[in-house]
Amino acid sequence: MEYDIIEQVSELAVSGSPLEEKLEKAVALLADYLAFDGCAVLLLDENGYMRSVAAKCPEALPPYRLGQGVPGLAFTGGALIEVHKEAGDAAWEGIEDSGLEGYRTALAYPLKEKERTCGVLFLRARAKVRLTLLKRQILKLAAMQLLILVKSSEVLNDHHRVYSELLEMQQKLVSSEKLLALGDMAATMAHEIRNPLLSIGGYAARLKRQLPPGSPALGYLEQMGAEIGRIEKIMNGIIRFLKDNAVELKTDDLHCMIDEAMELFADEIAVHCIKVDRRSSGGPLPVLADREQMKIAFDNLIANAIQSMEKGGILTLETSRAGEFAVAKVSDTGGGIDPKYMGYIFNPFFTTKKHGTGLGLPIANSIIMRHKGTIEVRNEGHGAAFIIKLPVAGAAAPNSSRHETGEAV
Ligand SMILES: Nc1ncnc2c1ncn2[C@@H]1O[C@H](COP(=O)(O)OP(=O)(O)OP(=O)(O)O)[C@@H](O)[C@H]1O
Ligand SMILES: [Mg+2]
């Protein structure tokens, strides 16, 4: 019969009730069985206090810190503490515990797994209660059962946390797969749209040639040609950005790539009265690069710089070597990038221009990443500065990444 209590607590443990409810019922059973007025399970919280998670107590318990009162001492000592209010009980006299007012017996049993204590089972009685040896053993067994209950709920919580993290990761994976699929679809669509578009452009040009001078339809056809050109630019940009162009890396001179990219802009530079300031480290700067691809990257940076200085300015192209990297800096005096846009300029389709596609920088970035290089942007002086670093030919390949050192939003 004495062991009935263990059976009852065990039945509680395997019941489907929430942990708090199980603990509440278990402490009530124990208090009754051991003839104590109050029984509580105290666990250590993150602030270093022992908080009651389940209690059958006539009065609320004071907040105990480690080493304070009967529960705090049992926790730090890791052993059962039993005190009785009676003349000559030095332990009772020596313990400061406001929770013992009106009580004559107090008992705290640490809930301990191996050497780690995680809580205390605390019992108080107004009368003098002496536990028999059997009851002490039963108390020990009950404390172990309570510990298993607490621990199993921790495991369950961990399991829930890990499960929800896993679910979140899975959702991210699914959406990144969807994005990839979307990318493939966009690239295919861009291809499919580009071909008939070129035909329409061709027919429009033929029609224009056949119309007599002064025909009102000429204006419409010109407009059509411009719009077709715009769509074509967007389609080409999408294809360039999405196509997983494998780079053919060869040892090449960084200066030559910049020179070739600059050739395309000679007219525009003259039209907008832009002064070009070329600063180079002198001598070839050998990098491992795909010249055609790198020219596209520089084209985009130079085009942006020129577009920012329509009323003139200085375009500075600077090259140098920094350890294992060749550095190219493209800067302008066009007023710089609005700090609130700094975090977005590498996003596909982000543009502040009326006829921009917003694909120039994403394309430049993806090309540089494929070269295991980096691209940084910041506002400097009177404009924007883009700094590209590429591994010097022959040096060990570092990790690729993009840094935005400007004020990101
Ligand atoms: N040198 C620069 N000075 C000021 N703003 C810039 C500069 N370079 C880029 N930006 C900003 O970054 C945005 C994105 O540039 P990106 O080259 O990707 O697209 P875009 O220039 O707008 O369009 P596209 O390249 O198709 O002509 C630009 O719209 C502009 O707001
Ligand atoms: Mg651009």
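This is a short tour of ligand 1 and the pocket around it, in a model that is predicted.

**Stop one: the ligand.** Select ligand 1 and show its surroundings: 22 residues surround it, and the closest are Asn 304, Thr 351, Thr 352, Lys 353 and Thr 357. Sort that shell by class and you get nine nonpolar, ten polar and three charged residues.

**Stop two: the polar contacts.** Pick the side chain of Thr 352, where an N or O atom is 2.4 Å from an oxygen atom of ligand 1. Next, click on Asp 332: an N or O atom in its side chain is 2.9 Å from a nitrogen atom of the ligand. Then switch on the backbone at Gly 358, where an N or O atom lies 3.2 Å from an oxygen atom of ligand 1. Taken alone, the ligand exposes 590 Å², and the protein buries 93% of that.

**Stop three: the elements around it.** Color α9 (291–307), α10 (360–370) and β13 (383–391), the elements that give two or more residues to the shell around ligand 1.

**Stop four: the pocket.** Now hide the ligand, which sits in the largest pocket, and look at the space itself, about 1,100 Å³. The lining has 40 residues, and those closest to the pocket's centre are Asn 300, Asn 304, Gln 307, Lys 353 and Gly 360. Which elements should you color here? Try α6 (217–242), α9, α10 and β13, each of which supplies at least two residues of the lining. Linger on α9, as this helix gives the most to the lining, with eight residues. By class, the lining divides into 16 nonpolar, 15 polar and nine charged residues.

Note on methods. Residues are numbered from 1 along each chain as its sequence is written. Chains are lettered from A and ligands numbered from 1 in the order in which they are written. This is a predicted model: local features need pLDDT of at least 70, side-chain atom pairs count only at pLDDT 80 or more; totals for chains, interfaces and linings use all residues. Side-chain values use heavy atoms; hydrogens and water are left out. A residue is near a molecule or strand if one of its heavy atoms lies within 4 Å of it. A polar contact is a pair of N or O atoms within 3.5 Å; within protein, one must be able to donate a hydrogen and the other to accept it, and residues adjacent in sequence count only if both atoms are side-chain atoms. Accessible areas come from the Shrake-Rupley method with a 1.4 Å probe; for residues, only the protein chains shown count as cover. On a 1 Å grid over the protein atoms alone, a cavity is a set of points where a 1.4 Å probe fits but cannot get out, and a pocket is an open set with protein on both sides within 12 Å along at least five of seven lines; lining residues have an atom within 4 Å of a point. A molecule sits in a cavity or pocket if more than half of its atoms lie within 2 Å of its grid points. Helices (H or I, at least four residues) and strands (E, at least two) are DSSP runs, numbered from the N terminus. Ala, Val, Leu, Ile, Met, Phe, Trp, Tyr, Cys and Pro count as nonpolar, Asp, Glu, Lys and Arg as charged, and the others, Gly among them, as polar. Grid points are joined across faces, edges and corners, and a volume is the space filled by probe spheres set on the points.
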